[in-house]
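What follows is a walk through one protein structure, from the start of the chain to its sheets and aromatic pairs. Please keep the sequence and the coordinates open while reading.

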Amino acid sequence: FELWLAIELGVSADRIVFNGPGKTRDAIELAVHHGIGMINIDGISEIDEIARAARNEGRKQSVGIRIVTSVGWSAQFGLSVSSGSALDAFRRILGHDCLEPTGLHFHLGTGIRDVVIYLKAVREMLEFARTLQSELGIHITQLDLGGGFSVSTVRPLTQWDRRLILSGRPPGPVDVAAAARPEDYARDIIDLVRSYYPVEAGASPSIIFEPGRAITSSSQSLVLRVLAVKDGASGVPSVILDGGRNIVMPTGYELHELLAVTGASEPQDSCYSFYGPLCHPGDLHFQAKTFRTLQAGDLVA
């Protein structure tokens, strides 16, 4: 959908990068038909599929590989550098004259608050780019460093937070000064890239970021309506809201703030646990949260 929408909105094809582990044949054909700037391959089977579409369109398609480094997400994502599967994928790409291997990509996760994690992954990416040049003669011109940069008002739930929640207590507060700033990421990453590609040597690769929420988070609020307030088994009343995991996944693994919309200036002299509308006990927003007195129809954010 995002690929289709970008094209519909008139985004220049050379500015579009197509990522993801679940690319359909239709999506690949759409991307190749429009000659988008880069398709980052997430699995070996995509290589032949993209090559087939490129041959049918009579064009040469730029591609990259989503690599898995020693830090960050792996599981169903990307191709491992350490196992050799990423290098094997590039060898396979070279077997198709309609594909042009020019990029490396990673995406380490979400809500990452530590620059050191990024620097480790970037260094491994840069070393792999050297390997590609020396062993396969592939010159990487685009380094896509993904997103996952945190925002200061949100943090991941820790093991201790989960223990507190299971005990019917609220998790700890968010330290808004703990997250690295965008300029911290930028400065350290640029310095590291320049150590591999000195300015005076020229031919530095393009650096792509996908900061997502780090840009848009402060402009978004989810406003929900109270459907019911019920007695809770632990003595803390349960508030049922008209939205939960069916709308937002991050509340299950991150700590966000909950604010009153209705009666925002009233004193916080009550305590509630907040749930979404799904028929599942995991549809929990907040446990034992101090809040203003609520009733059905009130709005919270």
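Helices here are DSSP runs of H or I with at least four residues, strands are runs of E with at least two, and both are numbered from the N terminus. The model is a predicted one.

Under that definition, helix 1 covers residues 2-8, and Trp4 has its place there. Is Trp4 buried, partly exposed or exposed? The relative accessible area of Trp4 is 42%. Buried means under 20% and exposed means over 50%, so Trp4 is classed as partly exposed. Trp4 also contributes to a nonpolar surface patch, together with Phe1, Leu5, Leu9 and Val11. The area of this patch is about 540 Å².

Next comes a buried position in a strand. Ser62 is located in strand 3, which spans residues 61-68. With a relative accessibility of 18%, Ser62 falls under the 20% limit and therefore counts as buried. Apart from neighbours within four places in sequence, Ser62 has contacts with Gly37, Met38, Ile39, Glu100 and Thr102. The last of these, Thr102, belongs to strand 5 and is likewise buried, at 8% relative accessibility. Beyond residues up to four places away in sequence, Thr102 touches Met38, Ser62, Val63, His139, Ile140, Thr141 and Gln142. Met38 thus appears in the contact lists of both Ser62 and Thr102.

The loop that follows strand 3 offers a contrast in accessibility. Ala75 lies between strand 3 and strand 4 (79-80), and its relative accessibility of 72% makes it exposed. The phi angle of Ala75 is near 45 degrees, a positive value in a residue that is not glycine. Ala288 is another alanine with a positive phi, of about 50 degrees. Ala288, however, lies in strand 13 and is buried, with a relative accessible area of 9%.

Strand 13 is part of a sheet. In what order do the strands of this open sheet run? The order is 13-12-10-9-14, with 5 strands and mixed pairing. In general, strands of a sheet pair through backbone hydrogen bonds, either parallel or antiparallel. Strand 13 and strand 14 (299-300) are at the edges, and each has a single partner strand, so one side of each has no neighbour in the sheet. Strand 13 (residues 284-291) is nevertheless mostly covered, as 7 of its 8 residues are buried.

The partner of strand 13 is strand 12 (residues 270-275), and the two pair in the antiparallel sense over 5 bridges. One bridge sets Tyr272 against Lys289 in strand 13. Further along the sheet, strand 9 (residues 224-230) and strand 10 (residues 238-241) run antiparallel and are joined by 4 bridges. There, Val226 has Leu241 in strand 10 as its bridge partner.

A loop elsewhere in the sequence comes into view beside Gln287. Pro171 is in the loop between helix 6 (159-166) and helix 7 (182-196). The C-alpha atoms of Pro171 and Gln287 are 8.0 Å apart, although 116 residues separate them along the chain. Leaving out neighbours within four places in sequence, Pro171 is in contact with Leu157, Asp161, Leu164, Ile165 and Leu255.

The last topic is aromatic rings. A search of the whole structure gives 11 aromatic pairs. One of them joins Phe106 and Tyr118: the ring centres are 6.5 Å apart and the planes make an angle of 50 degrees, so the pair is tilted. Phe106 sits in the loop between strand 5 (99-105) and helix 5 (115-136), and Tyr118 in helix 5, so the pair ties together parts 12 residues apart in sequence. Both Phe106 and Tyr118 are buried.

Phe274 and Phe286 form an edge-to-face pair, with 6.5 Å from centre to centre and 90 degrees between the planes. Phe274 belongs to strand 12 and Phe286 to strand 13, so this pair also ties together parts that are 12 residues apart in sequence. Phe274 is buried, at a relative accessible area of 0%, and Phe286 counts as buried at 11%. Phe106 and Tyr118 appear once more in an aromatic cluster, which they form with Phe149, Tyr185 and Phe209.

Terms used
Residues numbered from 1 in each chain as written. Predicted model: local features only at pLDDT ≥ 70, side-chain atom pairs only at ≥ 80, totals over all residues. Heavy atoms only, no water. Patch = residues over 30% accessible without salt bridge, like charges linked within 9 Å, V, L, I, M, F, W, Y side chains within 5 Å. Areas by Shrake-Rupley, 256 points an atom, 1.4 Å probe, with all protein chains shown as cover. Salt bridge = Lys/Arg side-chain N within 4 Å of Asp/Glu carboxyl O. Buried < 20%, exposed > 50% of the residue type's maximum accessible area, 1.4 Å probe, protein only. Pairing = 2+ DSSP bridges. Contact = heavy atoms within 4.5 Å. Phe/Tyr/Trp six-rings, centres within 6.5 Å; stacked < 30°, edge-to-face > 60°.
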